[in-house]
Amino acid sequence: MDAEEKVSRYLEKIKKEDKKIKAFIELNPNVLEEAREIDRKIKQRKAGTLAGLAIAIKSNINVRGLRATCASKTLENYVSAYDATVIERIKREDGVIIGMTNMDEFACGSSGETSYFGPTQNPAAPGRIPGGSSSGSAAAVAAQFCDIALGSDTGGSIRNPASHCGVVGLKPTYGLVPRYGLIDLAMSLDQIGPIARDVYFTALMLEVIAGYNPMECTTINVPKQEYSKNLSRNIAGYKIGFAREFEEFTDPKIMGVIKNSLKKLENLGAEIVDVQLPNLGKGLSTYYLTVFVEFFSATRKFDGRRYGYKIEEVCGREVLRRILLGKYISQKEYSGKYYKKALQFRSLIKQELLAALSGVDVIAGPTVPKLPHELGTKIEDPLIMYGYDVLTVPANLAGIPGGVIKAGEAEGIPVGLQIQGKPLEEQRILNVMYALESNSGSRHDEKRI
Amino acid sequence: MKVQKEAEKVLKELSEALGEINLSETYYVVEDINITRSDGEAKVDKKFREIIKKNAPKLDEEGSFIMEVGKWVE
Amino acid sequence: MRDDEQSESERNAERWIEMKVIIGFEIHEQLNTKTKLYCDSPTNYRDVPPNTHVCEVCTGMPGAKPYPVNQDAIDAAVEIALMLNCEIVKEPIYIQRKHYDYPDLPSGYQRTSLPIGRNGSLSGIGIWEVHLEEDPGKYDPITGKVDYNRSGVPLVEVVTAPEIYSPEDARNFLRELTKVLSYTGKVRPEGGTMRTDTNISIEGGARVEIKNINSIKGAYRALKFEITRQKNLRKRGVAVKRETRAFLEAQMITKTMRVKEEAEDYRYIPDPDIPPLVITSAKIESIKKTMPEAPHLKEQRFIRQYGIKKDDAWAITGEIEMADAFEEVCKEIDPKTAAPFFRHIIKKKLNFDNKTFSESGLTAGDITTILKSMNLGELTASSGELVIRGIIEEHKPALHIIEEKGLKRITEKDVVEKAVEEAIAENQRAVQDYLSGKVEALNFVVGSVMRKTRGRADAQTVLEMLKRKLEK
Ligand SMILES: [Zn+2]
């Protein structure tokens, strides 16, 4: 099947099913033309590693000529003036951008419900939230609307929906993937990463988007890795850490599925080792206090003078809450009390996580402490929503990579196993996921349309 | 304002959960310093202006944004 | 109306003259880089249509991140700090986000570094700090027009201690600072890019900040106005409000922008997109090696080394290019001859034309040629001045001008003698008058000789030669 044919099948499927799922905000009007162009390249054997793969992009990543709305009325009509660095790299490797996906407004949420364009459905658990904030990207992959999607992860926004939608997601080490062109939630935490239906595609996409960008100040200058080529199912001898503290926060039904998959890993030759994360719970406050300040700063440009609307005048409640909180706690008189303190706790959490990782290859555990709630459930207390992130925020605070793969199901709803690794050790995470994936029989080549 | 009220509660609970600590702040996860570039030849993307035009709420014929008049100017 | 007010306030000012005025400056000057501080857009925004020399970074488009900091701008700021006798900060220098809402700020914050240099001084006035920041766009508050071509151009900001006590001292200080900045060659040479914010208070009164001052002359006028205004208020028993005022250049007045009660909290945070800068000792040493001698040090050295007058030295060191040329000239010419020539002939012409030495096209070689010829008596003083004018106006080398205008003094005796003989033959009536006792009639004959030699003969020599011939 050539790229054009595949893309048109995806488009047909989207046309039929996406009214209900709402994975996309906008489709690329030139996608077929672009696919034809790549087919010509394929015939001439000049095509890149993503040749003809259909890629869905979260709406907070700039694709020149398409709208980067952040699922907000603020940027409802904002047309990107340039390509994000990751988009340049995808285009260079001949991936086809199929469209821009739905998300929590400005990535502020873990449910996919706060989009100005309406909530996304969970294709893997109908009636439930898909998780967020990369809700549309995970849903598009789960619904087979694309081959691979890009999400962004500030405190779990790739891993959370990947878990709820039963797909694979990876948040890379902070600085491994360029952020140039990613619309900020919190600059010191944000990372772009892949969401895909299998580990191979996840590795393939990571290998395309990862790597130093000399025109950015916070990317790491390390040699390029061939993650897909180096995938190995042999995890015999791997030490996999598990922290008792995970259980304190997690629904026993979820814990059951997680424990099961840890057993599988043991059967594959890995050794499960106890690690301590006594300050796990403190991650949430640390994370949110940091996000409020950075998000406040990042949103000052949305004043409606050059493009879009003034954010405070049109945004949803969660976005407004974060802006107000950020404005409040970044006042000179309070900086020591909140922001600085959060940054101090950030040091603590980073130290603790790196210490725990020092004796093991990876740490494995649950991703989200609760099963996805039913769409439309009113959760009035923002702190309950924030609690969904307790297991994912530490990786962002420490800047380490974290992957998620489906571990099984609880009440028929997917549950994802989160695997965290040392900085720049994405390969180990991918390998553990790869081993688990082949063990549960969901190989990438079996599910392709 | 309701959001304001909720915000106060959120802040109270989040900060109470932290307690005291005596560690230096982590401002940057990547501990690099002096990320600089040398001054070189300037670049201009001519098409960029088109997209500015597309997005701008108000531009004049010369290409200046038209924004509010200064409050302190009568 | 305003005139009346002013004359009244001037009278008042006299009565309050003993009150001490305290002035401090924050001076911003654009650095002379090709690209902007955090992106590759061009820094020359003059003469291009609005919003053309811009990109996503300097217009604050969603998702844009700053490029790595322009190293040349950092080096320039370090050099300027060193020239102002600052200590260079050794600790990490964070680039801070200074948040405020204004049309000219594309991201809602301005990136401004923590101090690069501290505790310096110039002309006896303390320099609190030198740091680096990005220029905002250009906003016309009257029409509401905004152009971001200027947005992101690197600026160095110099903050003085409040140790200036009169508008005149303020003017002198700013002139001296401008000189130092131009000496480095790291600021934009076009001029007119200086912007200052001024803090001014009168003993016992609140501090007022004046923004929008774009020239030294403007600073002087704004201060003059503000002192009168504040003294006037005090005289009437009204307290001066702590506020920010704008200087309206066309009207030469200041006007309230905002009162300090609504003082802005800039909510500074280190920019998470830019790791801190660290200036190493090696960097400082390498800049010190190549940086120019500060103008006031040069002035002192000239007085000492060349034995020239202070006023001459001050004038010559006004511009580094002129000072360099002077030293070059002094390799062949007596400094005591060269110095007054520089100050009275060259500098006078430059001031008249409102040109800098480097714009003038004058070279040390040309000046040496002229002074040498004058010493040899080949060129009269007034011809020397003509040659200088010729070079500046016609952009030709000195020898060319001398040749073309025939300015070389005629010393060959036979040439002058021939002209004298011709003049005697052609002006027999004047000659007869002279011989019959009308002494002044000889001037007419001299004039004829001078015309024939196009002024290149020495008038005294001609006169003597005539007398000798006629007495025979
Ligand atoms: Zn630019």
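Start in chain C of this predicted model and select α3 (167-184), α4 (216-235), α7 (310-316), α8 (320-329), α9 (335-353) and α10 (357-360). Each of these helices supplies at least two residues of the lining of the second largest pocket. Colour α3(C) separately: the largest share of that lining, nine residues, comes from this helix.

To find the middle of the pocket, show C:Thr178, C:Ser182, C:Gly318, C:Glu319 and C:Thr356 as sticks. Of the 40 residues that line the second largest pocket, these are the closest to its centre. The volume of the pocket is about 1,500 Å³. If you colour the lining by residue class, you will get eleven nonpolar, 15 polar and 14 charged residues.

**The zinc ion**

Stay in chain C and select the zinc ion with C:Cys39, C:Ser41, C:Cys55 and C:Cys58. The three cysteines coordinate the metal through SG and C:Ser41 does so through OG, at 2.2 to 2.3 Å. Check the angles among the four donor atoms: they run from 99 to 119 degrees, and the site is tetrahedral. In the sequence, the donors follow the spacing C-x1-S-x13-C-x2-C.

Now switch on the surface and look at two of the donors. Are C:Cys55 and C:Cys58 buried or exposed? C:Cys55 has a relative accessible area of 12% and C:Cys58 has 4%, so both fall under the 20% cut-off and count as buried.

**The largest cavity**

Keep C:Cys58 selected and add C:Arg111, C:Glu134, C:Ser151 and C:Gly152. Among the 17 residues that line the largest cavity, these five are the closest to its centre. The volume of this cavity is about 120 Å³, and the structure holds eight cavities of 30 Å³ or more.

Next, highlight strand β5 (residues 109-113) of chain C. This strand gives the most to the lining of the largest cavity, with three residues. By class, the lining of the largest cavity divides into nine nonpolar, four polar and four charged residues.

**A sheet from two chains**

Select β2 of chain B together with β8 and β9 of chain C. Which strand stands in the middle of the order? The order is β2(B)-β9(C)-β8(C), so read from one side to the other β9(C) is in the middle; the sheet is open and its pairing is antiparallel. The edge strands, each pairing on one side only, are β2 (65-66) of chain B and β8 (138-140) of chain C.

Zoom in on the two strands of chain C. Three bridges link β8(C) to β9 (residues 145-147) in the antiparallel sense. For one pair to label, take C:Lys138, which stands opposite C:Asp147 in β9(C).

**A covered strand in chain A**

Finish in chain A with strand β7 (residues 239-243). How many of its five residues are buried? Four are, and the strand is mostly covered.

Add β8 (residues 271-275) of chain A, which runs parallel to β7(A) and is joined to it by five bridges. Label A:Ala243 and, opposite it in β8(A), A:Val275. Then add β9 (residues 362-366) of chain A: two bridges join this strand to β7(A), and the two run parallel. Here the pair to label is A:Ile240 with its bridge partner in β9(A), A:Val362.

Notes. Residues numbered from 1 in each chain as written. Chains lettered and ligands numbered in written order. Predicted model: local features only at pLDDT ≥ 70, side-chain atom pairs only at ≥ 80, totals over all residues. Heavy atoms only, no water. Donors = N, O, S within 2.8 Å, 3.2 Å for Na, K, Ca; no water. Tetrahedral: all angles 85-135°; square planar, octahedral: opposite > 155°, others 65-115°. Buried < 20%, exposed > 50% of the residue type's maximum accessible area, 1.4 Å probe, protein only. Pairing = 2+ DSSP bridges. 1 Å grid on protein atoms, 1.4 Å probe; cavity = no way out; pocket = protein on both sides within 12 Å on 5 of 7 lines; lining within 4 Å. Points joined across faces, edges and corners; volume = space filled by probe spheres on them. Nonpolar A, V, L, I, M, F, W, Y, C, P; charged D, E, K, R; others polar.
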